[in-house]
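This report looks at enclosed empty space inside a protein model and at the residues that line it.

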Amino acid sequence: MIQRASCLPGNFESAPMRLLISIGCDGLRTRFTGDQPVLDARDWEDLAELARRHGMTAWLHESLAKRTDAPEPVRQRVADEARGQAADALRAMTELVEISCALTRAGVAHVTIKGPALAAWLYSSAARRAFTDLDVIVRPDQLEPALAALETRGYFLPPESTSTTARVVYAGRSAWPLARRGAFPVDLHWRLADLSFSVPLSVTRVIRDAVSLDVSGERLPVPSPTHAAAITFAHAAKHGWCSLEIILTLGQLVCRTDIDWREIRRSFDDSGTSRGLITGARLAHAVFGVTLPPELDEYHPSQTIDRLMLFAEDLLARPAGDHADRWEERRLHRASLDRRRDRVRYETLRLLMPTPLDAEWCRLPPGLAPLYGPLRLVRLAFQTMGTAFARPSIRS
């Protein structure tokens, strides 16, 4: 059985961090362990920035409305940021409905995932979660008609990129990045994660079992509760559980009664990604005290899962903008995969699959796009040699 941590490591013990955790516990109706944090003047100054970094601004705003000890400048700053986040959420949901209507008219089956769509389904308010883009998923065979439909709405691939080039440069990724002036960027997905990172679900199943979300009288397709939970746990593992809001979302999902955790555990086991699932569940329990379903509470001691927990704790304690570098990301992803063959596959694809960085390094005409694969090896070779020459020499 997983034991809840009695004290949290590193910056988790700071008063502002403990306050955000206690607010999350209140939202989950779980008990916050330890004394209620008392903030001094410096703590109050740091609180708004910390809440933004951890995606907890909306939660903090709601909590401060019930307190009398918060300095007025802090209260006003958090309120302004919460209102801005709410305005972004309203605009984003409007864009998602427009995108969904355009895809429906084009006969493209689709589902909106993550971001404001997940928040609207999970919390009945898209303003609960911060986000930077919108995510729509379609079947791989409908990628071209989906792009054509979104181009009619003004969304386009990055400059100097065509669908021919994108199919090569983003082949190892999960989505094409689309942009429209004055709108949120859109990730047009045809798979649920990068090719190198195993996922427990297929796009076909997610689209087939989708449910509808009512948005001002319009129907927005979203994943079923069980699929939404599976996607969110997999996404959290990919990003290293790097914010309190991500872990709080996992806790909210764990507390729902309409999710088939047996199916989720089976699908993660089958895909060789159960380490990520169990680590996310343990973090939700350790940080916010949620009671785990039996399928996620059957834990046997594992040094790898303990290392993943420590990795997440390190990321959570970092300041805004300090993300995992590519080597840390590589170690995280490898450790999240249960099977050796999947780790070998991950390393192979990560080495061989071209990326947008290769296209930036050397622009090729669309007809030569297949050459981005061997070009990637050339770029990496030059990069390795440059690093080697840059190292100081060691003299005896």
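What volume does the second largest cavity have? In this predicted model, the second largest cavity has a volume of about 50 Å³, and the structure as a whole holds 2 cavities of 30 Å³ or more. The largest cavity, for its part, has a volume of about 90 Å³.

| Cavity | Volume | Nonpolar lining residues | Polar lining residues | Charged lining residues |
|---|---|---|---|---|
| Largest | about 90 Å³ | 8 residues | 2 residues | 1 residue |
| Second largest | about 50 Å³ | 6 residues | 4 residues | no residues |

The lining of the largest cavity is made up of T112, I113, K114, A117, L118, W121, V222, P223, A228, I231 and T232. Three elements, namely the strand β1 (110-113) and the helices α5 (115-123) and α9 (225-238), each supply at least two residues of this lining, which by class comprises 8 nonpolar, 2 polar and 1 charged residues.

Around the second largest cavity, the lining residues are F197, S198, F233, A234, A237, F268, T273, G276, L277 and S336. Here α9 and α12 (274-288) each supply at least two residues, and α9 gives the most, with 3 residues. The lining of the second largest cavity divides into 6 nonpolar and 4 polar residues, with no charged residue among them.

The helix α9 therefore deserves a look from both sides: α9 supplies at least two residues to the lining of the largest cavity, and α9 also supplies at least two residues to the lining of the second largest cavity.

Note on methods
Residues are numbered from 1 along each chain as its sequence is written. This is a predicted model: local features need pLDDT of at least 70, side-chain atom pairs count only at pLDDT 80 or more; totals for chains, interfaces and linings use all residues. Side-chain values use heavy atoms; hydrogens and water are left out. On a 1 Å grid over the protein atoms alone, a cavity is a set of points where a 1.4 Å probe fits but cannot get out, and a pocket is an open set with protein on both sides within 12 Å along at least five of seven lines; lining residues have an atom within 4 Å of a point. Grid points are joined across faces, edges and corners, and a volume is the space filled by probe spheres set on the points. Helices (H or I, at least four residues) and strands (E, at least two) are DSSP runs, numbered from the N terminus. Ala, Val, Leu, Ile, Met, Phe, Trp, Tyr, Cys and Pro count as nonpolar, Asp, Glu, Lys and Arg as charged, and the others, Gly among them, as polar.
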